[in-house]
Every structure is written in C-alpha cells, then in structure tokens.
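Here are my notes on the model, set out as numbered points. Please read them with the structure open.

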Amino acid sequence: MPIFGKEQPPEKAARFKVGDQVKCSVEALKLRSLQLGHGGFSMDMVPLINIPGSVKSIDDDGDVVVVYPNGKQFMYHPDALSKE
C-alpha cells in the first residue's frame with residue numbers, strides 16, 4: 001500500500017535487475033515524453049532504440065541506467081524498456 005505523501009517507485013522497475021539484457025522498445029517521440037523527469041532525453045539515444053544493453057543500476061525512484069557495448073550509457077524510465 002502506498003504511503004501517503006511519499007512517491008512510490010514505478011512497479012514495472014521491479015521487473016529489471018542489474019545485469020539484465022534490455023532494450024529501449026519505444027519510438028523516439030514516446031521516449032522523449034517518458035524521459036521528462038527521468039534522466040532527460042538526448043538525440044544520442046535514438047540510434048540505440050532496439051539495441052540491446054545491460055542494466056548497470058536502478059535508482060531509488062525506479063529509473064534504469066543501461067550501458068551499451070559501445071560504452072555509452074543512459075538513464076531510462078522503466079516503461080521505455082523491455083527485456084531482451
């Protein structure tokens with residue numbers, strides 16, 4: 001049960017754990033809107049849509065940091081990701 005006055009992390013974040021293989025599975029416009037308040041949006045994210053990466057960390061409010069084979073890493077809203 002949520003605690004009144006305290007924001008709860010997104011439930012979907014619990015489906016990811018450090019080391020999971022994931023990919024951004026939403027189109028660029030949807031990603032841009034999801035990223036507001038969740039790490040921000042960068043055009044550098046667009047070429048990585050549908051490219052697998054590894055979960056590096058998950059913050060307290062459920063945002064997921066994904067690192068890619070090319071060394072780039074981005075923080076994502078969990079609703080932007082799916083498991084590989």
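1. One term comes up throughout: contact means heavy atoms within 4.5 Å. Also keep in mind that this is a predicted model.

2. Start with Cys24. Which residues is Cys24 in contact with, leaving aside its neighbours within four places in sequence? The answer is Leu31, Ile49, Asn50, Tyr76, Ala80 and Leu81. One of these, Leu81, is also the bridge partner of Cys24 in β5.

3. Now the overall layout. The chain has one helix and five strands. Along the sequence the pattern is β-α-β-β-β-β. Of the 84 residues, 33% are buried. Among contacts with a separation of 6 or more, 61% link residues 24 or more positions apart. The accessible surface is about 5,300 Å². Carbon and sulfur atoms hold 57% of that surface.

4. The sheet. In what order do the five strands lie? They run β4-β3-β2-β1-β5, in an open sheet with antiparallel pairing. β4 and β5 are the edge strands, and each pairs on one side only. Neighbouring strands are turned by 45 degrees against each other on average, with direction ignored.

5. The pairings of β1. On one side, β1 and β5 run antiparallel and are joined by three bridges. β1 also pairs with β2, again antiparallel, over two bridges. In that pairing Gln21 has Ser54 of β2 as its bridge partner. The faces of β1 are unlike in cover: Val22 and Cys24 form the covered face, while Gln21 and Lys23 form the uncovered one.

6. The β3–β4 hairpin. These two strands pair in the antiparallel sense over four bridges. Val67 is matched with Gln73 of β4 as its bridge partner. Five residues lie between the strands of this hairpin. In the turn, Gly71 has a positive phi of about 95 degrees.

7. Side chains along β4. Which residues of β4 are buried? Phe74 and Tyr76 are, and both point to one face. Gln73 and Met75 point to the other face and are not buried.

8. The core. In soluble globular proteins, nonpolar side chains tend to be buried together. Here the largest nonpolar core has 17 residues. The members that touch the most others are Cys24, Leu31, Val66, Tyr76, Ala80 and Leu81. Four elements each supply at least two core residues: β1 (21-24), α1 (28-34), β3 (64-67) and β4 (73-76). Cys24 is in contact with Leu31, Tyr76, Ala80 and Leu81, among others.

9. Asn50. This residue is in the loop between α1 and β2 (53-58). Most residues other than glycine have a negative phi. Asn50 is not a glycine, yet its phi is positive, at about 70 degrees. Is Asn50 buried, exposed or partly exposed, and why? Asn50 is partly exposed because its relative accessible area is 45%, which falls between the 20% and 50% cut-offs.

10. His38. The loop between α1 and β2 also holds His38. His38 counts as buried because its relative accessible area is 16%, under the 20% limit. Its side chain makes a polar contact with the side chain of Asp63, at 2.6 Å. Beyond four places in sequence, His38 touches Asp63, Met75, Tyr76 and His77.

11. His77. This residue sits in the loop between β4 and β5 (81-83). Its relative accessibility is 10%, so His77 counts as buried. Setting aside residues up to four places away in sequence, His77 touches Leu34, Gln35, His38 and Asp63. The C-alpha atoms of His77 and Val65 are separated by 9.0 Å, and the two residues are 12 apart along the chain.

12. Taking the last two points together: His38 touches both Asp63 and His77, and His77 in turn touches both His38 and Asp63. The polar contact listed above is the one between the side chains of His38 and Asp63.

Note on methods
Residues numbered from 1 in each chain as written. Predicted model: local features only at pLDDT ≥ 70, side-chain atom pairs only at ≥ 80, totals over all residues. Heavy atoms only, no water. Core = buried A, V, L, I, M, F, W, Y, C linked by side-chain atoms within 4.5 Å. Buried < 20%, exposed > 50% of the residue type's maximum accessible area, 1.4 Å probe, protein only. Areas by Shrake-Rupley, 256 points an atom, 1.4 Å probe, with all protein chains shown as cover. Pairing = 2+ DSSP bridges. Axes fitted to C-alpha atoms, helices over the stretch in contact; angles between N-to-C directions. Polar contact = N/O pair within 3.5 Å; in protein donor to acceptor, adjacent residues only side chain to side chain.
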